[in-house]
Amino acid sequence: MVLNLMKIRMNIGNGKNQRTFRPKKSAPSGSKGAQLRQHIDATLGSGNLREAVRLPPGEDINEWLAVNTVDFFNQVNLLYGTLTEFCTPEICPTMTAGPKYEYRWADGVQIKKPIEVSAPKYVEYLMDWIESQLDDESIFPQRLGAPFPANFRDVVKTIFKRLFRVYAHIYHTHFQKIVSLKEEAHLNTCFKHFILFTCEFSLIDKKELAPLHELIESIVTY
C-alpha cells in the first residue's frame with residue numbers, strides 16, 4: 001500500500017512554541033492510495049460526510065483506514081497549529097478536556113509509565129509518535145500489495161483515540177479563541193468528519209468520547 005497524502009509534520013523547537021510544517025510522502029500516480037484519495041476528495045466535495053466515510057465498494061478496509069488515518073493526522077496537526085501561540089505550558093500546564101478529564105502521556109516504549117505534561121508537550125509527543133507509526137513500513141506498508149500487520153486495527157484505534165484528545169482539549173480550552181479567529185466552522189466540519197468516520201468503523205470506545213458526549217450526540221443523530 002502506498003500512502004498518497006502529503007504528511008505534514010509539526011516540529012516544536014526551543015520551547016518557543018513555534019511550529020513549522022513540512023510535506024512528506026506523496027503517492028506515485030496510479031497507486032491504490034492515490035485512487036482512494038481521489039474518492040475521498042470527490043465525496044467530501046459533495047458535502048455528504050456520511051457518504052465520504054463509507055468504505056468504497058470492493059476496497060480493502062485496511063487500505064481505507066490507512067489513507068484516512070493520514071488525512072485525520074494532517075487535519076488535527078493543522079488545526080492545532082493555529083493555536084500554538086495560545087496553547088502554551090503556562091496557559092495549559094496539563095493536557096485536559098474540561099475539569100473532569102486529564103490525559104497523561106505514555107508510548108509504551110520510551111515512556112512506559114504515564115507522565116503529566118503540558119498540553120503542547122502532549123501534542124508534541126503525540127504527533128511524533130503518530131509519525132513514527134506512519135513511517136514504520138511494518139505497520140503502514142508503503143509498497144502496493146504489501147500485507148498489513150495483524151494488529152493494524154489496534155494501532156489505528158490508538159491513533160484515533162489520541163487524536164480525539166486533541167479535539168477535546170481544543171473544544172474545552174480554546175473554543176472561544178477558535179471563534180475569535182473565525183475558524184469554528186472549519187473546526188466543526190473537521191470534527192464531524194472525524195467522528196462519523198470513527199463511528200462508522202468503531203474506532204474509539206464510548207467512554208473515551210465522554211468529554212464531548214453532547215456534541216457527538218448532536219452529530220451522529222442529526
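How many aromatic pairs does a search of the whole structure find? In this predicted model, the search finds 17 aromatic pairs. A pair of aromatic rings is described by the distance of the centres and the angle of the planes.

One of these pairs joins phenylalanine 160 and phenylalanine 194, whose centres are 5.4 Å apart and whose planes meet at 15°. Because planes under 30 degrees apart count as stacked, this pair is classed as stacked. Phenylalanine 160 belongs to helix H5, which covers residues 152-180, while phenylalanine 194 belongs to helix H6, which covers residues 184-200. The pair therefore links distant parts of the chain, 34 residues apart. Phenylalanine 160 has a relative accessible area of 0% and is buried; phenylalanine 194 is likewise buried, also at 0%.

Phenylalanine 194 has a further partner in tyrosine 167, with 5.2 Å between the ring centres. The planes of these two rings stand at 50°, so the pair is tilted. Tyrosine 167 lies in helix H5 and phenylalanine 194 in helix H6, so this pair ties together parts that are 27 residues apart in sequence. Tyrosine 167 and phenylalanine 194 are both buried.

These three residues are members of one aromatic cluster. Among its other members are Phe72, Phe164, Tyr171, Phe175, Phe191, Phe197 and Phe201.

Aromatic rings also meet charged groups in this model. The charged end of arginine 162 sits over the ring of tryptophan 129, at 4.6 Å from the ring centre. In a second case, the charged end of lysine 121 is placed over the ring of tyrosine 125, 5.1 Å from its centre.

Definitions and conventions:
Residues numbered from 1 in each chain as written. Predicted model: local features only at pLDDT ≥ 70, side-chain atom pairs only at ≥ 80, totals over all residues. Heavy atoms only, no water. Phe/Tyr/Trp six-rings, centres within 6.5 Å; stacked < 30°, edge-to-face > 60°. Helix = DSSP H or I, 4+ residues; strand = E, 2+ residues; numbered from the N terminus. Buried < 20%, exposed > 50% of the residue type's maximum accessible area, 1.4 Å probe, protein only. Lys NZ or Arg CZ within 6 Å of the ring centre and 35° of its normal.
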